[in-house]
Amino acid sequence: MGLGERRGRAGIGVAVAVSALVGLTGCGAPPWAQGGAQAPESPSAAATATAAPQPVRNDLSSGSTQRSLTAGSVAATVNYWSTLSMDRWTATALKPVNLSMETTVTPNDGQKVYLQRATMTAVPGNASQSFTALAPQSDQTDAPGYLVLSPYSYSQTFNVGEVPAEATFVTLQFTYEFLVQTTPTSNEFAKQTASDTLTVAIAGGGDAG
């Protein structure tokens with residue numbers, strides 16, 4: 001055999017070996033498919049898998065709540081509760097909200113404090129939007145109003161009507177308008193206003209659709 005023929009056959013052998021190696025590499029399974037390993041998740045898929053809905057805030061989850069409000073020289077203590085259990089606060093139910101209030105005044109020189117008007121506005125919503133507010137409800141009397149200076153107190157019940165089926169909570173916005181005597185014997189009054197907000201979860205809210 002000549003030298004040229006031996007070199008030719010050697011070249012063919014190298015080519016066959018390289019071809020076989022390429023074939024094995026190209027046909028082999030990717031690393032994550034070997035030995036039962038799983039393909040790595042993309043960042044977006046991992047984020048989706050770990051995302052969880054946030055719990056809905058409920059200021060009446062314990063059955064009641066107490067708030068301390070200030071309006072100028074008036075300090076008001078307000079208790080809120082509902083006679084309807086929270087699991088029955090559904091979108092279609094009539095949902096009562098009860099409140100009681102008493103106030104103190106500083107300095108206390110003997111002047112009286114009156115509640116002229118109390119208003120509640122209910123605004124349904126969910127995590128992505130707010131819906132149209134329900135019609136405001138007010139309790140108002142002739143001037144000067146209801147005497148609310150401790151030990152006298154004020155009580156009232158407002159009702160939250162039907163809300164959209166997509167609502168998961170309702171925000172209750174309260175406004176209290178007080179008249180305070182300028183002196184213990186005066187027929188002149190100073191007006192002070194306090195506001196408060198409660199959030200109450202809607203049972204089963206957002207199930208529709």
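Before I go through the structure, let me fix one term: I will speak of an aromatic pair when the rings of Phe, Tyr or Trp, taking the six-membered ring for Trp, have their centres within 6.5 Å, and such a pair is called stacked if the planes are under 30 degrees apart, edge-to-face if they are over 60, and tilted otherwise. Please also keep in mind that what we are looking at is a predicted model.

By that rule the count comes to four aromatic pairs. In one of them, the rings of Tyr80 and Phe174 have centres 4.9 Å apart and planes at 40 degrees, and so this pair falls into the tilted class. Since Tyr80 belongs to strand S2 and Phe174 to strand S8, which covers residues 169-181, the pair ties together parts of the chain that are 94 residues apart in sequence. Both of these residues, Tyr80 and Phe174, are buried. Another pair is formed by Tyr146 and Tyr154, which is also tilted, with 5.3 Å from centre to centre and 40 degrees between the planes. Are both members of this second pair buried to the extent that the word requires, or how does each one stand? Tyr146 is partly exposed, with a relative accessible area of 28%, whereas Tyr154, at 4% relative accessibility, counts as buried. Going back to Tyr80 and Phe174, ring pairs link these two and Tyr176 into a cluster.

Let me now step back to the chain as a whole. The secondary structure comes to two helices and nine strands, and along the sequence the two helices come before the strands, in the pattern α-α-β-β-β-β-β-β-β-β-β. The chain has 209 residues, of which 33% count as buried. Its accessible surface comes to about 12300 Å², and carbon and sulfur atoms account for 54% of that area. If we take the contacts with a separation of 6 or more, 65% of them are between residues 24 or more positions apart.

Turning to the strands, there is an open sheet of four, in the order S1-S2-S3-S7, and the pairing is antiparallel. Strand S1, residues 64-71, and strand S7, residues 154-160, stand at the edges, and because each has a single partner strand, one side of each is left without a neighbour in the sheet. On average, and with direction ignored, neighbouring strands of this sheet are turned by 25 degrees against each other. The edge strand S1 is joined by eight bridges to strand S2, residues 74-81, and the two run antiparallel. If you would like a place to look on the model, Thr70 stands opposite Ala75 in S2.

The next topic is the interior. Which residues have the most contacts inside the largest nonpolar core? That core has 39 residues, and the ones in question are Val160, Leu172, Phe174, Tyr176 and Phe178. Two or more residues come from each of S1, S2, strand S3 (95-105), strand S4 (113-125), S7, S8 and strand S9 (189-201), and S8 gives the most, with six residues. Phe174, which we met in the aromatic pair with Tyr80, shows how several parts of the chain come into contact at one side chain's residue: leaving aside residues up to four places away in sequence, Phe174 touches Tyr80, Val97, Leu99, Thr119, Met120, Phe158, Ala194, Ser195, Asp196 and Leu198.

Two further buried residues are worth pointing out on the model, and I will take Ala76 before Leu149. Ala76 is found in strand S2, and because its relative accessible area is 4%, under the 20% cut-off, Ala76 counts as buried. Apart from residues up to four places away in sequence, Ala76 touches Arg67, Ser68, Leu69, Met101, Glu102, Thr103 and Phe178. The C-alpha atoms of Ala76 and Val148 are separated by 8.9 Å, and these two residues are 72 residues apart along the chain.

Leu149, by contrast in its setting, is found in the loop between strand S6 (146-147) and S7. Here the relative accessible area is 15%, and since the cut-off is again under 20%, Leu149 is buried as well. The C-alpha atoms of Leu149 and Thr103 are separated by 4.8 Å, with their positions 46 residues apart along the chain. With residues up to four places away not counted, Leu149 touches Thr103, Thr104, Val105, Gln111, Lys112 and Val113.

I will end with the peptide bonds. Where are the prolines that follow a cis peptide bond in this account? A cis bond joins Thr106 and Pro107, with omega at about -5 degrees, and Pro107 lies in the loop between S3 and S4. A cis bond also joins Ala143 and Pro144, with omega at about 5 degrees, and Pro144 is found in the loop between strand S5 (137-140) and S6.

Technical notes: Residues are numbered from 1 along each chain as its sequence is written. This is a predicted model: local features need pLDDT of at least 70, side-chain atom pairs count only at pLDDT 80 or more; totals for chains, interfaces and linings use all residues. Side-chain values use heavy atoms; hydrogens and water are left out. Two strands pair if DSSP finds at least two bridges between them. Axes are lines fitted to C-alpha atoms, for helices over the stretch in contact, and angles run from 0 to 180 degrees between N-to-C directions. Buried means under 20% relative accessible area, exposed over 50%, partly exposed in between (1.4 Å probe, protein chains only). Contact means heavy atoms within 4.5 Å. Accessible areas come from the Shrake-Rupley method with a 1.4 Å probe; for residues, only the protein chains shown count as cover. A nonpolar core is a set of buried Ala, Val, Leu, Ile, Met, Phe, Trp, Tyr and Cys residues joined through side-chain atoms within 4.5 Å.
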